[in-house]
Amino acid sequence: MVQRFDVGPRLSEMAIHNGTVYLAGQVPEDADLDIEGQTRQVLAAIDALLARAGTDKTRLLMVQIFIADLADFDGLNRAWDAWVPAGHTPPRATVQAALARPGWRVEIVATAAL
């Protein structure tokens, strides 16, 4: 059985199957923020979705981060380091990518265990 959350015509924000939580790419609400502000917003959205599923960031299995400009890598990492719990850092990949909206500087995809 697959449980879907916030189902839309193109995507669901989250799906749960067989004890694993899959999040859609999370993007900032405020595209006017700098990379640290946008990253904090995205990480807060991830926290909220994980809480709805009944899990949290200590149970992350994999994180994929897409940034529009590699010059933002240090700022992204400052926000990430303040958010990720010590001893629970998940496997992670960070790549430069053209994001769907020009103001977005970061998009994060996460997978977690229940």
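Trainee: How many salt bridges does the count come to?

Mentor: The count comes to four salt bridges. Keep in mind that this is a predicted model.

Trainee: Why is the pair of R52 and D6 called a salt bridge?

Mentor: The rule asks for a side-chain nitrogen of Lys or Arg within 4 Å of a carboxyl oxygen of Asp or Glu. In R52 and D6 the closest N and O atoms are 2.7 Å apart, so the pair meets the rule. R52 lies in helix α1 and D6 in strand β1, so the bridge ties together parts that are 46 residues apart in sequence.

Trainee: How do you know whether R52 and D6 are buried or exposed?

Mentor: Buried means under 20% relative accessible area and exposed means over 50%. R52 has 45% and D6 has 42%, so both fall in between and count as partly exposed.

Trainee: What makes the phi of D6 worth a remark?

Mentor: Most residues other than glycine have a negative phi. D6 is not a glycine, yet its phi is positive, at about 50 degrees. D6 sits in strand β1, residues 2-7.

Trainee: Which residue in the loop between β2 and β3 has a positive phi?

Mentor: That is N18, found in the loop between β2 and β3, with a positive phi of about 50 degrees although it is not a glycine. The relative accessibility of N18 is 71%; the cut-off for exposed is over 50%, so N18 counts as exposed.

Trainee: Why does the pair of R40 and E36 count as a salt bridge?

Mentor: The closest N and O atoms of R40 and E36 are 3.9 Å apart, and the limit is within 4 Å, so the pair is counted. R40 and E36 are four residues apart in helix α1, which means about one helical turn separates them. R40 is partly exposed, with a relative accessible area of 48%.

Trainee: What makes D72 buried, and what does D72 pair with?

Mentor: D72 has a relative accessible area of 9%, and the cut-off for buried is under 20%, so D72 is buried. The side chain of D72 meets that of R105 in a salt bridge, 2.9 Å from N to O. D72 lies in the loop between β4 and α2 and R105 in the loop between β5 (92-96) and β6, so parts 33 residues apart in sequence are tied together. R105 is partly exposed, at 30%.

Trainee: Which residues are joined into one network by salt bridges that share partners?

Mentor: E36, R40 and R78 are joined in that way.

Trainee: How do you know that α1 and α2 are in contact?

Mentor: Contact means heavy atoms within 4.5 Å. By that test residues of α1, including I35, L43 and D47, meet residues of α2, among them L76, W80 and W83. The residues of this contact divide into seven nonpolar, two polar and four charged. The axes are 8 Å apart, at an angle of about 35 degrees, and the crossing is right-handed.

Trainee: Which residues touch the most other members of the largest nonpolar core?

Mentor: Of its 24 residues, V21, L23, I46, I65, V106 and I108 do. Helix α1 supplies the largest share of this core, seven residues.

Trainee: What does L23 touch, leaving aside residues up to four places away in sequence?

Mentor: L23 touches E13, M14, I46, L49, L50, V109 and A110.

Note on methods:
Residues numbered from 1 in each chain as written. Predicted model: local features only at pLDDT ≥ 70, side-chain atom pairs only at ≥ 80, totals over all residues. Heavy atoms only, no water. Core = buried A, V, L, I, M, F, W, Y, C linked by side-chain atoms within 4.5 Å. Buried < 20%, exposed > 50% of the residue type's maximum accessible area, 1.4 Å probe, protein only. Helix = DSSP H or I, 4+ residues; strand = E, 2+ residues; numbered from the N terminus. Axes fitted to C-alpha atoms, helices over the stretch in contact; angles between N-to-C directions. Left-handed = near helix turned anticlockwise from the far one by under 90°. Nonpolar A, V, L, I, M, F, W, Y, C, P; charged D, E, K, R; others polar.
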